[in-house]
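Me: Please take a close look at one part of this protein and describe it in a single connected account. I would like to know how its pieces pack and how it borders on the rest.

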Amino acid sequence: MKNTKHFLFDLSLTELAEIIKTYGEPAYRAKQIYEQIYKKYASSFEKMNGLPKELRRKLYDQFDFSHLTLQIDKLSSDGYTRKILFRLDDGAQIETVLMGYTVRRTACISTQAGCALGCTFCATGQGGLQRNISAGEIVEQVMFFEHLLNKKNEKLTNLVFMGMGEPFANYKAVMKAIDILTDPNGFNFGARRITISTVGIVPMIEKFADEKRQVNLAVSLHAATDELRQSMLPINKRYGLNVLINACRDYVKKTGRRISFEWALIDNVNDTPEQAIALAHLLKGMTAHVNFIPLNPTHGFTGNESKQKRIAKFREILNNAGIANTLRIRRGIDINAGCGQLKQETAENNKIK
Ligand code: SAH
Ligand code: SF4
């Protein structure tokens with residue numbers, strides 16, 4: 001039977017208020033419930049203090065409190081990375097990662113169960129798309145980690161939409177989730193501390209630029225020539241580098257915001273001096289920043305991570321051209337913390353059984 005209940009985390013305050021109104025309750029009740037969920041971290045309707053018993057009963061009958069069931073929970077050996085595989089109501093799976101450093105605690109959130117875009121080096125891409133997920137399924141991933149941290153008197157400081165899936169292929173749900181998470185009446189998370197990473201779906205970059213949100217944008221570039229990029233990221237056949245970089249320049253112009261580019265360094269593939277020179281040329285004069293990360297190994301891809309010496313040479317070319325860049329440390333490698341890798345691991349195990 002189809003589930004006809006409302007899902008608590010799916011609702012904006014306005015939508016919740018409309019439902020509560022039909023119960024004959026005063027308008028302020030919706031705000032009270034929102035506060036209980038997002039400020040007081042209530043773990044059940046029963047624990048929502050200050051609400052009449054009858055209303056709590058009604059909420060219990062007509063609302064789902066959770067759609068995420070914990071399937072695997074792994075902590076890396078250095079203790080800094082925690083990775084969760086959740087099962088959704090219909091059996092689809094998503095991964096969420098918490099990276100906890102001393103000052104920053106960042107949650108890496110999935111925006112789809114799987115991904116249809118098939119980037120060759122990406123574990124999620126290798127598995128294909130299961131389905132889009134709802135705004136509430138995005139919001140609940142965040143609240144899951146916030147609840148965990150709250151027990152240690154800590155809070156999430158940053159959110160990155162860099163888990164499974166392509167955020168701009170599930171645009172509406174992702175933007176609704178951001179609206180819910182940044183609502184001052186609720187969780188009130190700062191938009192400037194949120195980053196969306198896209199593989200480069202150009203019309204959606206244009207739409208996003210027009211919305212002029214405070215949210216940061218990262219674009220997965222990984223190659224600076226069309227030939228190489230389309231051999232790694234099939235989307236490049238649809239939106240080539242020329243249109244992509246133009247859209248990025250427009251974004252910077254329209255929003256006045258800096259743009260980040262992601263680059264997974266693969267030995268002898270995209271870490272050559274030719275690629276570095278092409279990249280410097282591509283980004284010349286743009287308010288941009290390049291984030292390098294050594295490739296995370298996956299089952300379906302034979303490439304290796306770049307060697308330190310080649311990385312240093314690559315970055316030297318960019319530095320000389322005045323292109324800001326950072327080499328990120330790859331954490332949680334022992335728990336398969338790369339995008340889509342935990343799910344891949346469970347699929348492998350199932351095959352063996
Ligand atoms: N679909 C979006 C966001 C999810 S992927 C995107 O592609 O941008 C988040 C980041 O992880 C992207 O930059 C992606 O290219 C990168 N990534 C995927 N697989 C990787 C791997 N095996 N090693 C290093 N980075 C990887
Ligand atoms: Fe999808 Fe991003 Fe992985 Fe490409 S890198 S397959 S767009 S999740």
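Reply: What follows deals with domain 1, beginning with its helix α1 and ending at the border with domain 2.

This is a predicted model, in which local features need pLDDT of at least 70 and side-chain atom pairs count only at pLDDT 80 or more, whereas totals for chains, interfaces and linings use all residues. Residues are numbered from 1 along each chain as its sequence is written, chains are lettered from A and ligands numbered from 1 in the order in which they are written, and side-chain values use heavy atoms, with hydrogens and water left out.

The protein is divided into domain 1 (6–64) and domain 2 (69–352); these bounds come from an automatic or database domain assignment.

Helix α1 spans residues 13–22. Helices (H or I, at least four residues) and strands (E, at least two) are DSSP runs, numbered from the N terminus. Four residues of α1 are buried (under 20% relative accessible area, 1.4 Å probe, protein chains only; exposed is over 50%, partly exposed in between). They are Leu-13, Leu-16, Ile-19 and Ile-20. These four lie on the same side of α1 because they cover an arc of only 125 degrees around the axis, the arc being that of the directions from the helix axis to the C-beta atoms. Thr-14, Glu-18, Lys-21 and Thr-22, on the other side of α1, are exposed.

The buried residues of α1 pack against β1 (6–7), α2 (28–38), α3 (53–62) and β2 (63–64). Contact here means heavy atoms within 4.5 Å. Just after α1, Gly-24 has a positive phi of about 75 degrees.

Further along, the loop between α2 and α3 holds Tyr-41. Its phi is near 55 degrees, a positive value in a residue other than glycine. With a relative accessible area of 12%, Tyr-41 is buried.

Tyr-41 also belongs to the border with domain 2. The centres of domain 1 and domain 2, taken over C-alpha atoms, are separated by 33 Å. At the border, 15 residues of domain 1 are in contact with 18 residues of domain 2. Between them the domains bury about 1400 Å², and 58% of that area is on carbon and sulfur atoms. Buried area is the accessible area (1.4 Å probe) that two parts lose on being put together, summed over both. On the domain 1 side, Phe-9, Tyr-38 and Tyr-41 lose the most area to domain 2, together 46% of what that side buries.
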